[in-house]
Amino acid sequence: MAYGHPIAMTGALCLVGWAFSRGLALRKRRLNGLPRPRALRQAHLSVARWGVALVVLGSITGPASAFFLRGWLPLGTLHG
């Protein structure tokens, strides 16, 4: 249980990073006047939605699990 939250957040941050890189690729294509493939935009949006939702959920459940499961003071430290 202690490793569940860090593993989930690592996965969420990987999703957000991937979505960010797809977004930058779309921006580069737009600035260079190149066509933006619909599949690239759809992939960016679908992964970004999940990534952001998981990061928000993890930001809420992290302090809650620290308080209820570990007895730590929520937000007492950077990760607590």
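These questions and answers walk through a predicted model of one protein chain. In this predicted model, local features need pLDDT of at least 70 and side-chain atom pairs pLDDT 80 or more, while totals for chains, interfaces and linings use all residues. Numbering starts from 1 along each chain as its sequence is written, and side-chain values use heavy atoms, without hydrogens or water.

Q: How many helices and strands does the protein chain have?
A: Helices (H or I, at least four residues) and strands (E, at least two) are DSSP runs, numbered from the N terminus. By that rule, the protein chain has two helices and zero strands.

Q: What is the distance between the end C-alpha atoms of α2, and why does it agree with the expected span?
A: The expected span of a helix is 1.5 Å times one less than its number of residues. Helix α2 has 31 residues, so it should span 45 Å. The end C-alpha atoms of α2 agree with this, as they lie apart by 45 Å.

Q: Which helix do the buried residues of α1 pack against?
A: Buried means under 20% relative accessible area, exposed over 50%, and partly exposed in between (1.4 Å probe, protein chains only). In α1, the buried residues are Met9, Ala12, Ala19 and Leu26. Contact means heavy atoms within 4.5 Å. The buried residues of α1 pack against α2.

Q: What share of the contacts with a separation of 6 or more comes from residues 24 or more positions apart?
A: What covers the buried residues of α2 includes α1. Among the buried residues of α2 are Leu40, His44 and Val47. For the protein chain, residues 24 or more positions apart give a share of those contacts of 54%.

Q: Why does Leu57 count as partly exposed?
A: Leu57 sits in helix α2. Leu57 counts as partly exposed because its relative accessibility is 47%.

Q: Which residue just after α1 takes a positive phi?
A: Helix α1 covers residues 4-31. Just after α1, a positive phi of about 75° is taken by Gly33.

Q: Why is the pair of Phe67 and Phe68 edge-to-face or stacked?
A: Rings of Phe, Tyr and Trp (its six-membered ring) pair if their centres lie within 6.5 Å; planes under 30 degrees apart count as stacked, over 60 as edge-to-face and the rest as tilted. The count comes to one aromatic pair. The ring centres of Phe67 and Phe68 are 4.9 Å apart and their planes are at 80°, so the pair is edge-to-face.

Q: What does Phe68 count as, buried or exposed?
A: Phe67, at 43% relative accessibility, counts as partly exposed. Phe68 has 66% relative accessibility, so Phe68 counts as exposed.
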